Every structure is written in C-alpha cells, then in structure tokens.
Amino acid sequence: MNWAFELLGLRPDADAASIKRAYAQLLRSTRPDEDPEGFQRLHAAYKTALAQVNTAAPAVVAPPPPLGSNAPSTPATPSTATRPEPQAVAQPRPVPTINIGALAGEVIRVATGDSRKLTAWLQARQEFWSIQVKQQTAQAVMQRLFQQPQAMSAESLNALLKFFDLDHVLSGINPYALQQLRRRQSLQWELTPEHHYELMQRIQLRRNGRPDQRALQHYLALLQQPLTWLAVVKTVLRGGALDRLGHFLQALCQGHLDDLPASFDRRSVQFWYKANHAGAMSGPRFAVNTLRVIVIGFVCALLASIVFAISFSAGSMPGKDALRLASTFSFAIVGGVVGVWLMIAGWIYLDDWQGLPESTASRRPWLRRLLIPALCTIGFGLHELGASDYIAGPMVFVSLFLALRRFRRRYAPQAPRRALRLRAMLPWIYLCGIGISALIHLQTDSDFPVVPAAFAVTLCTWLADMWRHRAHVHPRFARS
Amino acid sequence: MIVGIDLGTTHSLIGYYSDAGPQLFRNALGDYLTPSVVSVDEDGHMLVGEAARDRLISHPAASVAAFKRWMGTARETQLGQRSFRPEELSALVLRSLLADAEAALGEKVREAVVSVPAYFSDAQRKATRAAGELAGIKVERLINEPTAAALAYGLQERREGSRFLVFDLGGGTFDVSVLEMFEGVVEVHASAGDNYLGGEDFLDLLQNSCLAELKLHSADFSPAERSLLRRRLESVKRSLSQQAEVSVEAQIGKHEIKWRIDQERFLQLADPLLQRMRAPLERALRDARLRPEQLDEIVLVGGASRMPLVSRLTARMFGRLPLRHVNPDEAIALGACVASGLKSRNAKLEEIILTDVCPYTLGVEIGQRDAQGHVQNGLFSPVIQRNSVVPVSRESSYFPMVEQQGRLSLKVYQGENPLVENNIKLGELEIPLNPGLSIAQNEVVVRFTYDINGVLQIEATPKSSGLRHELVLEQNPGMLSEAEIRARLAALSELKIHPRDKQENIALLARAERLFEEHLTARQLLQQWIGQFRQSLESQDERMIHEHRQQFSTALDSLETQL
C-alpha cells in the first residue's frame, strides 16, 4: 500500500485532507485528457491511499445511525451542522424502531403470495424510503432465500430483485447462483398443489388435450417415495412407462436434479434419471435393461417351449425327454439373450470409459490410458506364443476397435454424441467383421498376418490419440 | 471560438465563457431559451424555436418536437417534402443557436462543448456528435448534464470540500450524479439515470387521465387539436406547482373539455414515475459508497424539477429539502459554458480539473459450468464496471469452455443485466486458439480501454501466442457513417432557413396563427390582423413594420390573457 503514498509524495501516516491536497496538486501535471496512463496510476494511488486512511481510522467516517434506537440521528458531516437548516422538512425524522429481520421475514411472506401485488406492496412500505433500511433488508432477504429457498414464482423473485435493485451485474450476487435460486424456487412453487395446473401447462403433461392430474400424482409419488424393487419392476414392465417418467423428470427440472425440493427421495430421483439417460452406461440403466432382457428371454423361452411341446407331443418322443430338451433349450435362449446383452453393455461401458476426455478427473488415470495397449499386447503375445486365434484374435480386435473409437470420439469432443441405438449396433458390425475375417483367415490359410497387423494399427492409433492429448499427460509436453 | 451548448428535449441554450464568467446568448426574440422544435413552412423554409413551437398547434403535420428522445435510433420524421433523422433535426436547432451566438459575438463559431444526459448510451452520444457535424461545428467534448450543472453550481457557490448530489429532471431524461469538489478538483463519483423519464411523461399522464375521465379517446382529436389540448394541460401542470386545484375549460374541436385536478390526484397519478426515480437515486449513492447523510447538498436542475412532488420525493429519501440556488433551466447551459472555458484553457479557469465516470458497465459474454457439468451460457462478465473514473483501462482473463477449442468468440456488451440478452451488443471479436493446449494454457487476456471521449478500444491477447487482436466496433444499425454524414450535410445546407433578422416577424405570425386555432370567437379579427401584418411585411418598409409589429404584439398579448 505504501506505493500509493509514495506516488502522492506523502508519508504513510498522512490524513485524508493531505491526500486530497496532494492528489489535486499532482492532477495539474497529470490531466486525464493529456496523460491518460499517468492519470490512471495517480487516481489508483489516490483511491488506495484514501481507502487505507478510512479503514485505519474509522472515526473519520461518521458511524451509521443506530438502527433500532429511537434517538434522532444527526447529520454527521460538519459542513451541514454549521449551516442553518434550509427548512422545516430538513429536520431529520426520528428513526422508528425497525427490526430488519422481522421486515425481511414479512417481505418473504408477501413474496411467496401473489406476485402481482408484491411490487405495489413494496412501493407502499414507508420503511423502504430509507436507503439504508432498504439495503439491509435486501441483504437479509437474499441471505434467507439462499439459505432456504421458498416456494416463490419467478415473477415474484424478479419483482423483488427489481425493487431492491439487485438485478444488475455488480450487485455482488453470483448470477449463476441466482439463476439456480430462481429455478429452485419456481419449481417449489409449481409443486405446491394449488399451482399444479401451471406445472402441467409448462411441462405439457396432458392426456386427450387436458392436463393429466392422475399421471402427475403417480409420477410425484414414484419420485418422492423411497425406491422399491416392486416399483421398478412394475414401471419397467409397463410398456413406455419408464420413458414417460424419464420425460417427466427431464421436463420438471431440465437435468438439474439438485433443484428438486427436499420432499423428493434423492435415491429414487437419481435412479430414474440415470435409468433413462441415454448418454452413458450406469448402474440403474444396466439394472433396468438387464431386467428387460431377462423378461424378453423368458418370454422367448416360454414361446419356444410351447412350440417344442406341441411339435414333440405330436411325434413319438417320450414326454420326459421332450421336457428335458425343451427346458435345456429355454435355458440356452435365456442365457444367450442375457449373455449378448452383457456383451453389449460391457462394450458400451468400455467404449464410454475409454472415450472420456483426457481432462476428466479419475483416481487411476493410467489404468484408462493403458488399457488398450495392455489388452492388445496380451492378445499379440498369446498369438505369438501359439495360442489359438480364437482367444488372441478377439482380444486384439476389441482393443483395435476401442482405440479407433477412442481416437474418433476424442478428436472432436464438441460433436454431439451419437444416439445409443446406433452405438449399440456398432460392436455387432465389428464382431461380425472379426468373425468373418477370422473365418476367411482360417479357411483360406492365407499368409497375411492379420493379428500382428491389427496389433500395429491399434498401437499407432493409440499413440496418435495420446499425442493429441499429451498436454494433459504432463505439462512438459504442452509447448506448441 | 468555442461555445457551450445545452441541447435539451424541450429547450436548448447556448453561451460561452467570457472574462466575466459564463454568459448565455439571447435568441432573435430576446430569450435565452430556444424551444427545441423544428417546423417547415409552406414555401419549404425551416423554422426553429418559438415560431416552430406555435406551429405545432397550427401546423402539427409540419412540425416536430421532443426528437432528442429518438437520438441514436434511425427513426425518420416526415416534414413537408423531406424526411429528417433525429440528428438532422438536432442539427437544425444547433444551427439556429449558433446563428444567435455568431450574431452576438460577431465571429464564426467552430467548436462547441455539448451537454448530454449522463446516462446517454454510446449510440446516443455518437448521434449527438453527428448532429454537431451536420450543423457545421466540431463537438470538442460531450459533457454530462449533471456534471455541467455541478460545475455551474460549484463555481457559483465556491464551497470547498463538499459532496453533493445533482438531480436533473429535464423534459425527456432523468439523471443523477454524485460529485465532490475539493482543491479545484471536480470529481464525479457516480452517475445513474433513466433516458426515458422526464417532464413530458408527467404531461402524458395528465393527458391520459383527462381523456379517460371525460371518456374520450386520443383518436377523437385531430393532430392540431391534440397539440392544443397538450398545451392546455402543460399550463395545468405548471399551475399545479402553485395551486392545490386547477381546472381547465375549453372547447377543442367538437369536444368540450371541462376537467379539474388537484395535487392529491396528480401525486397519485405520478406515483409510478416517482417510483421509477428511486432506483437511480439509490444506485448512484450506492456506487459512490456514500450514505445520504454524507451528502452536503442536493441540487435540483432541469425544468421539470420545479414540480413540488420532485422536492417532496428527495425530501422523503434524504430527509431534507433540496437546495435550489441555481436556475434549473439555465444551470446546465452555464455549466457547458464553463466546460468550454476549461477546454479553451481560459486563464481564470485553469485551476479547475474535472474527472468524470463511465456510466455503464462494459464487458463480455461468458458461459459458466458448475460442479455437475451443467453449462449456462449468456452470462455477462464485466470488465469495466460502471462509474469507473475515465480514462480507464482494465484487464480480465478468459478461458475456452472445452478441450481443443479452436477459437474464442468475444462478444462485447454494454449494460447492467447479469444476462447479456438484456444488454446492448457493441461488437464481436474472433480469437484463434491453439487446440493442442489445455484449457488453462489457452488463457486470453482481454483489455478494455475507455477514453475521456467515450471511445472504447478492445484488445485480446492469447497468452500462448502473444498475438494481439483489436476490435473495431461495428457500425451500430441506428448510426450514420462518415459518408452519410457528408451527404446529409450537403443536403441540409440546401435547405432554406429564414434569416435571423426576420425571426421576430415570423414568430409573431406563427403566434397569431396558433391563437387563431385556439380562439374560436376572435377568429375573424385575427384573420384580419394577420392579413394586415402580411401586407406591411410585403411593403418592406422597416419603420412601418417595426411599428406595426409592436401594435400586433400588444394586441396578441391582450388576446392571450383573455384566453
């Protein structure tokens, strides 16, 4: 801070009057229109020095009139006191006892009511003509709202912000936090039973053109009660119910799950949200889809066993054998369907995990980085050691496709992710390709070294990807 | 020679800094105040001032007033054969003012300091400069109106070390400034305001309430009748400052207007406007980091501040009555004269140095990502905060939103809202980034420099490359380009303007024509008088005209008092 006093040519213990005098003197040689940079330095020094004097000796600044006391406040500046007061109104009115906390409580109470009456009520309040009372109340109101969001419509909050002049960029309120408060409060407001109609209008929850009150109650009950397996099974098995619930949840909070009031069960909300979230593989999504696959498998098995039963009962096979054959076949179908699903899920999980941007924080970044080279090296090693191509081949090819996908996905992270449906198809295409090429390889006995070639391509792709993201591996590589 | 000009919504004034202090010039009719009204007569001659204001009633289609409110927009007004932009209309007023100054000084005026509302935006300021160029002068400096008023007031009072608030309610704009004077320094701490709040809005209230109570519609009246009604209500508004109750009785067109209003009701009507004044007052004090009791004075300027409800408002907010040692109509013009004296380095004024503030926040659009990864775009990040002392230069750092971002688009905004969609966009700058670097390494340093004339310069430098990118602010859609100004200047100089020495006669005729519209019973008499006066004008006998003019004027005076 001493630089300021030095620039002004003063000792660090100079008082406000001498700072001003020095500033005024120096200003003659450093005019704002002739020496803009010099002026900026001078002005900064002046402000810094003044601020320091004011904080060091608070006695220079008159204390604010004591709130909550009945003593009339007297004007603090000496220049006003020595002058005759202009007219009768100039007599400072006695400051009535104002309990800021109570006033803030009252403001919040009115604000949670009808938004149209709010502005008029605020403008009519006598207390708010005092600038200090108004500022202190504004502070108290916002503090309380941030601590405990109320059921308040966005219009009411906007009216509050406008009246207390907090709706500007220098108000000191983080606009992001304010936006969040606005969302939370209006969500809470919409969720009170008397505003359900507005809620249904907003999220367009209707059946036959009319707001669907029953569906709303059902969804809210699902989301507010603790998660039970029975509810999950019921929702999953009812066609489309899971999708509709997902749409409802998305429309309700636009992905901001934290905005939901405390009456919602966090676990339920997380579960249903993730189960519907197409962007990534997650526990709930896996559970829900596994449930579906098992059911599909059982239905298929049941149908197959009926067909078996009919066809074999017509034939000559003994009933016992037919039954055994049918049950084995059914189990094979169920197992096959579930197995395929597990492969798809595993592939999606691996693909998502490998496709994460390099900057994503994780506990073991090296595991993610080195999975591909490790996998393909093991496959290649097995191949070289003379293991069957049916073991080595898939390992190398899975790592090859993982590497290609990883490079492609991380090359342009801004590009929208493809829908899950198409992504789920891709491993099948790859697997078919692997199978066909492996078959051709085995059948024709050609000399082309498929596995070593795939191994080389995988490593190259992986290295190219790592080179692109080298800045994150170690800052030393960051120089362009 | 450099002059000071107050280019107001309803009235304009001109003056200069003489050795004896600030001095205003009288116009051809002997008044300091020239109404900011432009009219065109039947032969295509342009009229400015009192005559034009009278013609608002007799020829409403060929006259226009309150065009300061449209400054900074591309709105065009059709007058006679031509349409005019607000800059051109202001230029015509400026020309008439300059003619008055040149007549008094006997020399050509080349430069001027023009006052603008403190809360005028960049576009509005540029339009005011363009108006000066169209009037053939160089606008050396734009001075904020409250600052000008404070200069005039401070010099007059010579009170050292005082802080005061200037409350400037003009015809169309409302400004608040908090200033401090010490040791020959006039320092503006903060300015705030409302560009669309002024005396005219109070008049609108009266008009709407009157028509609503009489169950009439604005569409029931012809333009001439409307301006007649407005003029009547204007005098009602003025009388309400002194009387508790005012009534108006008049026959306008085929409607009989019989209406009364008391102060209580007017206060009730004006409440929404008074409420709108609270926020700028509070904001100015807050930005100046002062408490109401730390202010030494409250100075009211601007014609509309004469209304008692204005002083009641300030008394209610600050707990004391404002001081009004200055003439509210002339204070700003006098201050502009002082500023012109400062500009020309008048020896007597050498001791005063003025520092002003930038009234708006300037910044860029940003996005923000929270812990859950939700991104919110369209947030406004201030670089220069409002009420920073100018000249000011500030730096701020920004980062790309995502990995491997190839470029950063820097959108520059002016305004106070936390969301950019509610602010004014000034321009855009694209900065190429190195996609190979991480987010933290792709830092871009943005520097905003706002100079004393309100010109904003933006520089952006990516730290990795060190290459500097500068922003040339794009042409605002409502603004004139250099070439357009030149073309319009040529077109304007072709306009016919009545010579200054004929102004008095023209004003008299315009007044008689207005009375003809207002005075149903004396129409024949007036027609006769007008005919006679026109005849003596045609005779070109100066002495006879002079005599006749005086007779005519007294006759009109007596008619007006009857009304």
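**Group meeting: a strand pair, a sheet and a helix contact**

Let's start with one residue pair. Val364 of chain B stands opposite Val412 of chain B, in strand 24. Keep in mind that this is a predicted model.

Now the strands around that pair. Strand 20 of chain B covers residues 362-369, and strand 24 of chain B covers residues 407-414. They run antiparallel, and 3 bridges join them.

Next, the sheet. Strands 20 and 24 belong to an open sheet of 4 strands in chain B. The order is 21-20-24-25, with antiparallel pairing. Which strands sit at the edges? Strand 21, residues 375-384, and strand 25, residues 424-432, both of chain B. Each pairs on one side only. Neighbouring strands in this sheet are turned by 35° against each other on average, direction ignored.

On to helices, still in chain B. Helix 1 is residues 50-58, and helix 6 is residues 223-240. Their axes are 6 Å apart, and the packing angle is about 120°. Angles that are neither roughly parallel, roughly antiparallel nor roughly perpendicular count as oblique, so helix 1 of chain B is oblique to helix 6 of chain B.

Who touches whom? From helix 1 of chain B come Arg53(B), Asp54(B), Leu56(B) and Ile57(B). They meet Ala224(B), Ser227(B), Leu228(B) and Arg231(B) in helix 6 of chain B. By class, that contact has 4 nonpolar, 1 polar and 3 charged residues.

Last, chain A. It has 21 helices and 2 strands. Of its 480 residues, 38% count as buried. The accessible surface of chain A comes to about 26900 Å², and 62% of that belongs to carbon and sulfur atoms.

How values were computed: Residues are numbered from 1 along each chain as its sequence is written. Chains are lettered from A and ligands numbered from 1 in the order in which they are written. This is a predicted model: local features need pLDDT of at least 70, side-chain atom pairs count only at pLDDT 80 or more; totals for chains, interfaces and linings use all residues. Side-chain values use heavy atoms; hydrogens and water are left out. Two strands pair if DSSP finds at least two bridges between them. Axes are lines fitted to C-alpha atoms, for helices over the stretch in contact, and angles run from 0 to 180 degrees between N-to-C directions. Buried means under 20% relative accessible area, exposed over 50%, partly exposed in between (1.4 Å probe, protein chains only). Accessible areas come from the Shrake-Rupley method with a 1.4 Å probe; for residues, only the protein chains shown count as cover. Angles under 35 degrees count as roughly parallel, over 145 as roughly antiparallel, 65 to 115 as roughly perpendicular and the rest as oblique. Contact means heavy atoms within 4.5 Å. Ala, Val, Leu, Ile, Met, Phe, Trp, Tyr, Cys and Pro count as nonpolar, Asp, Glu, Lys and Arg as charged, and the others, Gly among them, as polar.
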